Amino acid sequence: MDKLTKEQRHRCMSAIRSKNTKPELMVRKFLFSRGFRYRLNHPRLPGHPDLVLRKYRTVIFVNGCFWHGHEGCRFYVLPKSNVNFWQAKVERNRARDAEERHKLTAMGWHCITIWECQLKPKVRQQTLESLAHTLYHIFLQNHARPYPTEEQQLQKVAEEEQHYGAKSSDS
Ligand SMILES: [Zn+2]
């Protein structure tokens, strides 16, 4: 007989197949179908993000709600036995996640976390659509001119004068 309880064994197995898990595949399939291209588990980036979209300067983590301690989530329920052990473990994961995100942000990467519960059938489509939306938004943001050209500045001044004029004639 092995010494693990059924629950412990289940959690061990979950940890082993934590890469290429189904939720991550859903995200990959969706992104690919929308023409987004990515790399997997970039070895040189902090935290080895699940997906790396270089063009968008964005990394995506697909996190299990239990292991990464999804705050307020009904799937983040600590087992009844060894509560302290599991709690400490999840807290460590959380702290590490935060540190890795911090490093990535400092390196100029946008970090997106998708929780496993956000990929449940009822909410999946909404989650994925909003992911696509966020990526488009990031792309535009990244490619916006840091400073307006002289021509744009003049245009802006002209527009502001127009608004000002319109406002004063109303009153
Ligand atoms: Zn969750």
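1. **A long helix, α3.** The expected span of a helix is 1.5 Å times one less than its number of residues. Helix α3 covers residues 83-106, which is 24 residues. From its first C-alpha to its last, α3 reaches 34 Å. That is close to the 34 Å expected at 1.5 Å a residue. After α3 comes G108, with a positive phi near 90°.

2. **What kind of model this is.** The model is predicted. Keep that in mind throughout. The chain has 171 residues, and 18% of them count as buried. It holds 5 helices and 4 strands. Along the sequence they follow the pattern α-α-β-β-β-α-β-α-α. Now look at contacts between residues with a separation of 6 or more: 56% of these join residues 24 or more positions apart.

3. **The sheet.** The 4 strands form an open sheet. Their order is β1-β2-β3-β4, and the pairing is mixed. Which strands stand at the edges? They are β1 (39-40) and β4 (110-115). Each has a single partner strand, so one side of each is left without a neighbour in the sheet. As background, strands of a sheet pair through backbone hydrogen bonds, either parallel or antiparallel. The next two points take one pairing each.

4. **β2 with β3.** Strand β2 spans residues 51-53 and strand β3 spans residues 58-63. The two run antiparallel, joined by 3 bridges. Two facing pairs are easy to find in the viewer. L51 stands opposite I60, and V52 stands opposite V59. The two strands make a hairpin with 4 residues between them. R57 sits in that loop. Its phi is positive, near 50°, and R57 is not a glycine. Is R57 buried or exposed? R57 has 15 other C-beta atoms within 10 Å, so it counts as partly exposed.

5. **β3 with β4.** Here the strands run parallel, and 6 bridges join them. One of the bridge partners in β4 is H110, which pairs with T58. The connection between these strands deserves a look. Together, β3, α3 and β4 make a right-handed β-α-β unit. The helix in that unit is the one from point 1, residues 83-106.

6. **β3 is covered.** How many of the residues of β3 are buried? The count is 6 of 6, and the strand is mostly covered. Its side chains alternate in direction: T58, I60 and V62 point one way from β3, while V59, F61 and N63 point the other way. Residues on both sides are buried.

7. **The core.** The largest nonpolar core has 18 residues. Those with the most contacts inside it are L51, L53, I60 and I114. Which elements give two or more residues to this core? They are β2, β3, β4 and α4. The largest share, 4 residues, comes from β3. Look next at I114. Leaving aside neighbours within four places in sequence, I114 is in contact with V27, I60, V62, L119, T127 and L131.

8. **Helix α4 over the sheet.** Helix α4 covers residues 121-143. It lies across β2, β3 and β4. Relative to β4, the helix runs at about 180°. It is also among the elements that give two or more residues to the core.

9. **A second loop residue with positive phi.** H48 lies in the loop between β1 and β2. Its phi is near 40°, a positive value in a residue other than glycine. With 15 other C-beta atoms within 10 Å, H48 is partly exposed. Compare R57, which is partly exposed with 15 such atoms.

10. **C117 and its surroundings.** C117 sits in the loop between β4 and α4. Where does it find contacts beyond four places in sequence? They are with C65, H70, C73 and F75. Take F75 as an example. F75 and C117 are 42 residues apart in sequence, yet 7.3 Å apart in space, C-alpha to C-alpha. Being in contact is judged on C-beta atoms, which must lie within 7 Å. C117 has 17 other C-beta atoms within 10 Å, so it is partly exposed. The cut-off for buried is 20 or more such atoms.

Conventions. Residues are numbered from 1 along each chain as its sequence is written. This is a predicted model: local features need pLDDT of at least 70, side-chain atom pairs count only at pLDDT 80 or more; totals for chains, interfaces and linings use all residues. A residue is buried if 20 or more other C-beta atoms lie within 10 Å of its own, exposed if 12 or fewer, and partly exposed in between; C-beta atoms are placed from the backbone. Two residues are in contact if their C-beta atoms, placed from the backbone, lie within 7 Å. Two strands pair if DSSP finds at least two bridges between them. Axes are lines fitted to C-alpha atoms, for helices over the stretch in contact, and angles run from 0 to 180 degrees between N-to-C directions. A nonpolar core is a set of buried Ala, Val, Leu, Ile, Met, Phe, Trp, Tyr and Cys residues joined through C-beta atoms within 7 Å. A crossover is right-handed if, with the strands pointing away from the viewer, the path from the first strand over the helix to the second runs clockwise.
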